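Me: I'd like to learn how the words used for a protein fold are earned. Could you take me through this one, checking each label against its rule?

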Amino acid sequence: MISVPGRRAIRLPGRRTASLSSTSSISLLRTSSLASPTSSSCLFAMANTTRKHHSRRSIHSSERRTSTVADLPGTLPPIPPQDVAASNRAPLSVLPLSMILRSLATTVVSSSPILLPPSLRIMVALAHAKNPVLNPDMNPLLRFFLKKSFYAQFCAGENAAEVRATISRLKDIGFTGVILGYAKEVVLESSDAKDMAKANLGEETARDIEKEINPWRDGTLETVRLAEPGDFVALKFTGAGSLALHQLKNRLLPSQHLGESIDAICELARDRGVRLLFDAEQDMLQDGIDDWTMKFARKYNDSPETATIYGTYQAYKKNCPAVVSRHLADAQREGFTLGVKLVRGAYLGSDPRECFHDTKEDTDACYNSIASSILARQWSATVQGEGEFPNAHIVLATHNVESVRRARAICDAGGAKSDIAFAQLQGMADEVSCELVEASQSAQKENANARPLPVYKYLVWGTTGECMKYLLRRAQENKDAVQRTRNGRDAMWGELVRRCKSVVGMA
Ligand SMILES: Cc1cc2nc3c(=O)[nH]c(=O)nc-3n(C[C@H](O)[C@H](O)[C@H](O)COP(=O)(O)OP(=O)(O)OC[C@H]3O[C@@H](n4cnc5c(N)ncnc54)[C@H](O)[C@@H]3O)c2cc1C
């Protein structure tokens, strides 16, 4: 999940949001992306190759083991920015003016203490509107305004033609491709939750299949069809409804029809050359999500060249290094390719605090260390194992410029042994994404044999009304990541000034 919807509910994309009983700890969800500036003491493993044989513990050690900064590979000075950014000239110059202006408007509103609170209140009202006047799918004027502004900033399109046009525009700018998600979410009201509690949740009923599993399966299959070969599709297992939720929570295998539906999605994705990213969600569901991810990875990631199935690993969790190490050991032993989507994690505000590293710096250290180990295919104090490193493909899903630059430095130095992709949300951290695009284009201009840096933008598709809750979460995330939003605003403003100066011959 990109960020967590708020208010005592579980978001079931493609389906509905399940309100849970008051005792359930997954009920209080909050957007949790925080914008602490990345510490210069950030640890990093890649350049730490001399330590690679140190402190090898059993990869089978308890996943609940606490990793602290002291466990993570050694402190190194941060890479000087000029080493990685020197060749970059005006990265945002790759964006069309319309995108610059839209991003500037969005970040100005999101970083303004005066404009943001009323804007957020309006977004909340629109996202939860029952009144047709406030429903963008029923009010053409409202739809027109939203479609041209916030929707265009973050979303892919309402139908196949629009989605294809957006994908093609992004590719023309220089992005490698997209991560496509399906926005439709169905909200489970509290009466549904009571029914859920009474129902025999162990059994797959006709209602589960017709009302929950099939709509999720069909929406996801449609999304896989809309994506182009080489693109990714992001999906959440909880989108398959209350039965899936129950099974994940209790670490049960998917029931028959649900299992067959996931198989159908995986088969279509593999046939089309589309890769599937299974989102990470709340802690109480994550072991179940990992079980399902590995089940399908074993089946579909049988080629060393590519991975169809990617699990998501949340570096803010203390058990993340152990989970990554265990999954790599499984891949090594059983001969399949591990697909790793590495995020910091979006449930800081709702999951139990003891799950997480004690500080943001520890999370950063964990993130960078896992990224470098997998990228360089080297065991480390964080990612522990023995013997040959298994085939692994990694997606670095982050807006953190330091993590991105550090990974890029490994690629630039020819140290990347695993397949890598960088991913940011559409409409966010464009300065980070465009720095990668620009660097890649510059390197290829200088040397036609230079390997391009694969950069992807994540977007959702669906009608304007269906995307409202996603848009609300983006607004909330921008509010929480104040410093990053301001950086984005300043970068867009700087680019606008640069273009004006170049028009009058001052640049
Ligand atoms: C393409 C994409 C896909 C994503 N998919 C998922 C997903 O499937 N599941 C999911 O959970 N998230 C997902 N996310 C969100 C992600 O987990 C982060 O919440 C978000 O990207 C912000 O983190 P960052 O790496 O960009 O950098 P930053 O802004 O530098 O880091 C912010 C993050 O640091 C961590 N953090 C902040 N303060 C502390 C603290 N005091 N102690 C410990 N840690 C702290 C939190 O994770 C916080 O979100 C995705 C993000 C992207 C870009």
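Reply: Happy to! A residue is buried if 20 or more other C-beta atoms lie within 10 Å of its own, exposed if 12 or fewer, and partly exposed in between, with C-beta atoms placed from the backbone. This is a predicted model: local features need pLDDT of at least 70 and side-chain atom pairs count only at pLDDT 80 or more, while totals for chains, interfaces and linings use all residues. Residues are numbered from 1 along each chain as its sequence is written.

Me: What makes helix H8 largely enclosed by the rest of the structure?

Reply: Helices (H or I, at least four residues) and strands (E, at least two) are DSSP runs, numbered from the N terminus. H8 covers residues 242-249, and 6 of its 8 residues are buried, so the helix is largely enclosed. The buried ones are Ser242, Leu243, Ala244, Leu245, Gln247 and Leu248. For scale, 52% of the 507 residues of the protein chain count as buried, and the chain has 16 helices and 9 strands.

Me: Just after H8 comes Arg251. Why is Arg251 called partly exposed?

Reply: Arg251 has 13 C-beta neighbours inside 10 Å, so it counts as partly exposed. Arg251 sits in the loop between H8 and H9. Its phi is positive, about 50 degrees, although Arg251 is not a glycine. Most residues other than glycine have a negative phi.

Me: Which residue in the loop between H12 and S7 can I set beside that?

Reply: Arg377 is found in that loop. Phi of Arg377 is positive too, near 50 degrees, and Arg377 is a residue other than glycine. With 17 other C-beta atoms within 10 Å, Arg377 is partly exposed.

Me: How do you know that Tyr458 is buried?

Reply: Count its neighbours: Tyr458 has 21 C-beta neighbours inside 10 Å, so it counts as buried. Tyr458 is part of strand S9. Its C-alpha is 9.3 Å from that of Ala397, although 61 residues separate the two along the chain. For contrast, Asp263 in helix H9 (residues 256-272) has 14 other C-beta atoms within 10 Å, so Asp263 is partly exposed.

Me: What makes S7 and S8 a pair of strands?

Reply: Two strands pair if DSSP finds at least two bridges between them. S7 (residues 392-397) and S8 are joined by 5 bridges and run in the parallel sense, so they meet that rule. Ile394 stands opposite Ile420 in S8. From S7 the chain travels through helix H13 (residues 401-412) to S8, making a right-handed β-α-β crossover; that name fits if, with the strands pointing away from the viewer, the path from the first strand over the helix to the second runs clockwise. On to the next strand: S8 pairs with S9 (residues 455-461), again parallel, over 4 bridges, and Leu425 has Tyr458 of S9 as its bridge partner.

Me: Why is S8 described as largely enclosed?

Reply: S8 spans residues 419-425, and 6 of its 7 residues are buried, so the rest of the structure largely encloses it.

Me: What about strand S3, with both faces covered: which residues lie on each side?

Reply: Phe232 and Ala234 are on one side of S3 (residues 232-235), Val233 and Leu235 are on the other, and all of them are buried. S3 also has parallel partners: 2 bridges join S2 (residues 177-182) to S3, and 4 bridges join S3 to S4 (residues 275-278). Leu180 is opposite Val233 of S3, while Leu235 has Phe278 in S4 as its bridge partner.

Me: What is meant by a nonpolar core, and which residues have the most contacts inside the largest one?

Reply: A nonpolar core is a set of buried Ala, Val, Leu, Ile, Met, Phe, Trp, Tyr and Cys residues joined through C-beta atoms within 7 Å. The largest one here has 118 residues, and Leu342 and Leu396 have the most contacts inside it. Helix H12 (residues 360-376) contributes the most to this core, 8 residues. Leaving out residues up to four places away in sequence, Leu342 touches several residues, including Tyr313, Tyr367, Ile394 and Leu396. Touching here means being in contact, with the two C-beta atoms, placed from the backbone, within 7 Å.
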